[in-house]
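Thanks for coming. I have one structure to go through today, and I will keep to what can be read from the coordinates.

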Amino acid sequence: MSTVVTTTTPPPPPAPSASVGRSYRWLIVTFGFLAIVSSVRLISGAHEIDSVGTIQAALIATCPILLAALGGVWAERAGIVNIGLEGQMILGTWGAAYFTYFYGPWGGLLGAALMGALGGLLHAVATVTFGVDHIVSGVALNIIGAGAVAFLAEAYFRDLDGGGIKQLTGLETPPKVEIPWLGDAAAELAGKHWFVISDLAAVVAALTRNMSIMVYLVAALVLFTAWILWRTTFGLRLRSCGENPQAAETLGVNVYLFKYVAVVISGVFAGLGGYMLVLVASSGFVTGQTGGRGYIGLAAMIFGNWRPFGAAGAATMFGYTDAMQLRNADAVHALLLLVAVLLLVFTVMRLRQGDRKNAILFAAVGVGFLAWFLLSDEVPREFAGMTPYVATLLVLALGTQRLRMPAADGKPYRKGQAG
């Protein structure tokens, strides 16, 4: 009598989740970027390129752009193109100044959010309810926002202490984070100019020495946006409105409601960007203060592939180039080498992906920046002021070939189309 022995094959170990893989990828990218910056710093001798002061200035310059970019993510994931981010940010600057003057910085935070939400509501009424072209509505909102704030500033600020027809200064600012023992130790380590270690220490010192609490709040909003849109049922339904609103309607989703909510929240984020400009990035309110940062935020959102973390990375790049114009000439000159190295890295990545056409384009521009660095001793100060806008053009020209926008983004939708 024979006995049949059945062997049970143990199940294969579970594969790591996609989110864990993405986390490792982000860590590798972050460390690689830090290594490149550190190498450029040592080669050029421009230690100011990532000093504590430079990183603090870059983080503060990043936040308004990042908030606008997050606002764009909310709106466009629901299918509404929000060109009006600039106008909503302008409204937020007035709300921040007015409410801070009478109710303090936290009152100003609420006021900026409310003014931005008002701009978002106007855009939602035009695009969702009346079906106005999204671009036309956004451009109109930018014009209305600039005109309204100029009128409101003259009407309400001229008789206030520190006020005028175009400004309001002397405002109370939000509190700052200070961890002296950690910040001082990190700053001392950063001053040694060691490879990578000093660069990491400079980041720690920047975050723990007299840094506005709003920078931490903005980081929390990035995490909040990512969790809401990609980890909740609400976020799934909202994103379905931007991918296929007709299918979402057949499943019982109130598409109009989700679009309204998304665009109003988008306005809130843009308004908070105005708050950052008034009370953190500068010492008060001035008309025309946004300087096109709403548009740069829109570019950051596109380069970030309509995702919060991607937008954060792009906004950081724009904020860093914006902060560099305040640094010394050597640091701005070293920025040419940094851009050249990054473009050549992108060239290698494109070649590995078989994208020869774009690889050649990246290589040509990268070699141009490298030649500029090698053949010059300094960068004209006029160009230093243009760096954030030049970076925007480079990103939109070179970095948007493989991006995917929501399928129904900007497309008209009327209730009942699914039937």
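I will start with the chain as a whole, then take one pocket, then the cysteines, and then some single residues.

First, a caution: what you see is a predicted model. The chain has 419 residues, and 48% of them are buried. In terms of secondary structure there are 15 helices and four strands. The accessible surface is about 20,100 Å², and carbon and sulfur atoms account for 67% of that. If you take the contacts between residues at least 6 apart in sequence, 80% of them join residues at least 24 apart.

Now the pocket. I am talking about the second largest one, which holds about 360 Å³ of space. Its lining is made of 15 residues, and those closest to the centre are A57, I60, A61, A281 and L326. Two elements give two or more residues to this lining, namely α2, residues 52-77, and α12, residues 308-324. Which element has the largest share? That is α2, with five residues. As for chemistry, nine of the lining residues are nonpolar, four are polar and two are charged. If you want to find the place on the screen, go to α2, which supplies that largest share of the lining, and look for A57, I60 and A61, which are among the residues closest to the pocket centre.

Next, the cysteines. How many disulfides are there? The count is zero, going by the distance between cysteine sulfur atoms. As a reminder, a disulfide is a covalent bond between the sulfur atoms of two cysteines. Two cysteines can be described by their burial. C63 has a relative accessible area of 4%, so this residue is buried. C241 is at 0% relative accessibility and therefore also counts as buried. The cut-off for both is under 20%.

On to single residues, beginning with a pair of sequence neighbours. V196 sits in the loop between α5, residues 180-190, and α6. Its phi is near 65°, which is a positive value in a residue other than glycine. Is V196 buried or exposed? It is buried, because its relative accessible area is 6%. I197 belongs to helix α6, which covers residues 197-208. I197 has a relative accessible area of 46%, so it is partly exposed; that class runs from 20% to 50%. The C-alpha atom of I197 is 9.0 Å from that of S38, although the two residues are 159 apart along the chain.

N305 also has a positive phi, near 60°, and is not a glycine. N305 lies in the loop between α11, residues 293-303, and α12. At 24% relative accessibility, N305 counts as partly exposed. The helix that follows that loop, α12, is one of the elements named for the pocket lining.

H134 is in helix α4, residues 134-157. With a relative accessible area of 6%, H134 is buried. What does H134 touch, leaving aside neighbours within four places in sequence? The list is G79, I80, V81, H123, T127, G410 and K411.

T173 is in the loop between β1, residues 167-169, and β2, residues 176-177. Its relative accessible area is 39%, so T173 is partly exposed. Not counting residues up to four places away in sequence, T173 touches P105 and L279. T173 and W106 are 9.1 Å apart from C-alpha to C-alpha, with their positions 67 residues apart in sequence.

Last, I43, which is in helix α1, residues 18-44. Is I43 buried or exposed? I43 is exposed, because its relative accessible area is 65%, and exposed means over 50%. The C-alpha atoms of I43 and A334 are separated by 9.0 Å, and these residues are 291 apart along the chain.

To recap: the model is predicted, the disulfide count is zero, and the second largest pocket takes the largest share of its lining from α2. That is what I have, and I can go back to any of these residues on the screen.

Notes: Residues are numbered from 1 along each chain as its sequence is written. This is a predicted model: local features need pLDDT of at least 70, side-chain atom pairs count only at pLDDT 80 or more; totals for chains, interfaces and linings use all residues. Side-chain values use heavy atoms; hydrogens and water are left out. On a 1 Å grid over the protein atoms alone, a cavity is a set of points where a 1.4 Å probe fits but cannot get out, and a pocket is an open set with protein on both sides within 12 Å along at least five of seven lines; lining residues have an atom within 4 Å of a point. Grid points are joined across faces, edges and corners, and a volume is the space filled by probe spheres set on the points. Ala, Val, Leu, Ile, Met, Phe, Trp, Tyr, Cys and Pro count as nonpolar, Asp, Glu, Lys and Arg as charged, and the others, Gly among them, as polar. Buried means under 20% relative accessible area, exposed over 50%, partly exposed in between (1.4 Å probe, protein chains only). Contact means heavy atoms within 4.5 Å. Accessible areas come from the Shrake-Rupley method with a 1.4 Å probe; for residues, only the protein chains shown count as cover. A disulfide is a pair of cysteine sulfur atoms within 2.5 Å.
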